[in-house]
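Trainee: I am new to this structure and would like a close look at a single part of it. Please take one helix and what surrounds it, and go through them step by step.

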Amino acid sequence: YADKLLALLKAMGFQDHSLRGEAERSGILSVVQPGLDTNRLYESLKNRGLYTSVRDNRLRVSPHAYHPEESFEKIQRIFEDALEECRKV
């Protein structure tokens, strides 16, 4: 699920800062949306019911194996809506 979510986020312009080496790999993604305030994005996602965290000015996302396949469509919509809100001045 982490790989699928990472592909979705990259398609939205996020940069990956996750540890992706074979010995370092985990289910936690660390991403940045260039030009956006990570804390503002975090708050916008939280207000939409998507819980993430911020560490070192990077958004940390941890998808779980129990998410049904169709939940990725909802996650994508939430991210798109949050990004749109954060891009407004």
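Mentor: What follows is a walk along helix 2 and onward through the loops after it.

Bear in mind that the model is predicted. Start with the setting. The chain has 3 helices and 4 strands, and from the N terminus on these elements run α-β-β-α-β-β-α. Of the 89 residues in the chain, 35% are buried. Contacts between residues at least 6 apart in sequence join residues at least 24 apart in 58% of cases.

Now the helix. Helix 2 covers residues 38-47. At its start, Asp-37 places a side-chain oxygen within 2.8 Å of the backbone nitrogen of Asn-39. Which residues of helix 2 are buried? They are Thr-38, Leu-41, Ser-44 and Leu-45. Seen down the axis of helix 2, these buried residues fall within an arc of 120°, so they line one face of the helix. The spacing fits a general rule: an α-helix has 3.6 residues a turn, so residues three or four places apart point the same way. What does the buried face pack against? Its partners are strand 3 (53-55), strand 4 (58-61) and helix 3 (71-87).

After the helix comes Gly-49, with a positive phi near 90°. Further on, in the loop between helix 2 and strand 3, is Thr-52. Is Thr-52 buried or exposed? Its relative accessibility is 13%, and the cut-off for buried is under 20%, so Thr-52 counts as buried. If neighbours within four places in sequence are left aside, Thr-52 is in contact with Tyr-42, Leu-45, Leu-59, Arg-60 and Val-61. One of these, Leu-45, is also among the buried residues of helix 2, while Leu-59, Arg-60 and Val-61 fall within the range of strand 4 (58-61). For a distance to check in the view, the C-alpha atoms of Thr-52 and Pro-63 are separated by 9.7 Å, and the two residues are 11 apart along the chain.

The next loop lies between strand 3 and strand 4, and Asp-56 has its place there. Phi of Asp-56 is positive, near 55°, in a residue other than glycine. Asp-56 has a relative accessible area of 65% and is exposed. Asn-57 is found in the loop between strand 3 and strand 4 as well. Its phi is near 60°, again a positive value in a residue other than glycine. At 49% relative accessibility, Asn-57 counts as partly exposed.

One more feature involves Arg-60, a contact of Thr-52. Arg-60 is among the lining residues that lie nearest the centre of the second largest pocket, together with His-17, Ser-18, Leu-19 and Ser-30. This pocket has a volume of about 170 Å³ and is lined by 11 residues. By class, the lining has 2 nonpolar, 4 polar and 5 charged residues.

Note on methods:
Residues are numbered from 1 along each chain as its sequence is written. This is a predicted model: local features need pLDDT of at least 70, side-chain atom pairs count only at pLDDT 80 or more; totals for chains, interfaces and linings use all residues. Side-chain values use heavy atoms; hydrogens and water are left out. On a 1 Å grid over the protein atoms alone, a cavity is a set of points where a 1.4 Å probe fits but cannot get out, and a pocket is an open set with protein on both sides within 12 Å along at least five of seven lines; lining residues have an atom within 4 Å of a point. Grid points are joined across faces, edges and corners, and a volume is the space filled by probe spheres set on the points. Ala, Val, Leu, Ile, Met, Phe, Trp, Tyr, Cys and Pro count as nonpolar, Asp, Glu, Lys and Arg as charged, and the others, Gly among them, as polar. Buried means under 20% relative accessible area, exposed over 50%, partly exposed in between (1.4 Å probe, protein chains only). Helices (H or I, at least four residues) and strands (E, at least two) are DSSP runs, numbered from the N terminus. The arc is that of the directions from the helix axis to the C-beta atoms. Contact means heavy atoms within 4.5 Å. A polar contact is a pair of N or O atoms within 3.5 Å; within protein, one must be able to donate a hydrogen and the other to accept it, and residues adjacent in sequence count only if both atoms are side-chain atoms.
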